[in-house]
Amino acid sequence: MARRAPVTSWSTLSHRDQHEFVDLCVQLLQDTFVGRITEPSDEQVVLLGEFREDLFAVVNAQTNGRKIDTPVDFRLIHRAHK
């Protein structure tokens with residue numbers, strides 16, 4: 001996911017910058033969503049649908065809370081492990 005997010009081309013970033021960016025993305029996801037999923041609260045994670053084509057998939061979800069609903073789309077690529 002992190003490779004697809006930067007405005008600049010991933011290949012132009014140094015290895016150090018790539019690693020730092022991935023670490024920051026992981027931290028953002030953990031801070032934003034893990035607590036919503038693992039801790040009891042009034043919020044719900046609702047799966048809205050999915051789309052699959054060859055090796056690609058998109059899962060549409062939404063977190064529903066007391067104050068705000070947040071749409072979340074997960075884009076996935078299947079890669080075989082060697």
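Let's start in the middle of the sheet. Gln 62 has Pro 71 as its bridge partner in β3. Keep Gln 62 in view, please. On the β1 side, Val 46 has Gln 62 as its bridge partner in β2. So much for one rung.

One caution before going on. This is a predicted model.

Now the whole chain. How many helices and strands does the chain have? There is 1 helix, and there are 3 strands. Reading from the N terminus, the order is α-β-β-β.

Next, the sheet. It is open, with 3 strands in the order β1-β2-β3, and the pairing is antiparallel. Which strands sit at the edges? They are β1, residues 44-53, and β3, residues 69-77. Each of these edge strands pairs on one side only. On average, neighbouring strands in this sheet are turned by 15° against each other, ignoring direction.

Take the pairs one at a time. β1 and β2 run antiparallel and share 9 bridges. Strand β2 covers residues 56-64, and its antiparallel pairing with β3 also has 9 bridges. One of the links between β2 and β3 is Phe 56, whose bridge partner in β3 is Ile 77. Remember that pair. Phe 56 and Ile 77 come back shortly.

Now the turns. β2 is joined to β3 by a hairpin through 4 residues. β1 and β2 also form a hairpin, this one with 2 residues between them. Look closely at that second turn. Asp 54 lies in the loop between β1 and β2. What is the phi of Asp 54? The value is near 55°, which is positive, and this residue is not glycine. Most residues other than glycine have a negative phi. Is Asp 54 buried or exposed? With a relative accessible area of 75%, Asp 54 is exposed, because the cut-off for that class is over 50%. One distance to take along: the C-alpha atoms of Asp 54 and Ile 77 are separated by 9.2 Å, and the two residues are 23 apart along the chain.

Leu 55 is in that loop between β1 and β2 as well. That takes us to the surface. Leu 55, Phe 56 and Ile 77 make a nonpolar surface patch of about 280 Å². So here is the returning pair. Phe 56 and Ile 77 are bridge partners, and both belong to the patch.

On to charges. How many salt bridges does a search of the whole structure find? The search finds 1. Arg 52 forms a salt bridge with Glu 50, and the closest N and O atoms are 2.8 Å apart. Where do these two side chains stand on exposure? Arg 52 is exposed, at 64% relative accessible area. Glu 50 also counts as exposed, at 52% relative accessibility.

Now over to the helix. Helix α1 spans residues 15-38, and Gln 18 is in it. Is Gln 18 buried or exposed? Gln 18 is buried, because its relative accessible area is 16% and buried means under 20%. What does Gln 18 touch, leaving aside neighbours within four places in sequence? The contacts are Trp 10, Ser 11 and Leu 13.

Last, the totals. The chain has 82 residues, and buried ones make up 11% of them. The chain exposes about 7300 Å². Carbon and sulfur atoms supply 56% of that area. And the contacts? Take those in the chain with a separation of 6 or more. Residues 24 or more positions apart account for 13% of them.

To recap. One helix comes before three strands, and the strands form an open antiparallel sheet. Gln 62 of β2 is bridged to Val 46 and to Pro 71. Asp 54 sits in the β1 to β2 loop with a positive phi. The salt bridge joins Arg 52 and Glu 50. Thank you.

Methods: Residues are numbered from 1 along each chain as its sequence is written. This is a predicted model: local features need pLDDT of at least 70, side-chain atom pairs count only at pLDDT 80 or more; totals for chains, interfaces and linings use all residues. Side-chain values use heavy atoms; hydrogens and water are left out. Two strands pair if DSSP finds at least two bridges between them. Axes are lines fitted to C-alpha atoms, for helices over the stretch in contact, and angles run from 0 to 180 degrees between N-to-C directions. Patches are made of residues with over 30% relative accessible area and no salt bridge: like charges are joined within 9 Å, nonpolar side chains (Val, Leu, Ile, Met, Phe, Trp, Tyr) within 5 Å. Accessible areas come from the Shrake-Rupley method with a 1.4 Å probe; for residues, only the protein chains shown count as cover. A salt bridge is a side-chain nitrogen of Lys or Arg within 4 Å of a carboxyl oxygen of Asp or Glu. Buried means under 20% relative accessible area, exposed over 50%, partly exposed in between (1.4 Å probe, protein chains only). Contact means heavy atoms within 4.5 Å.
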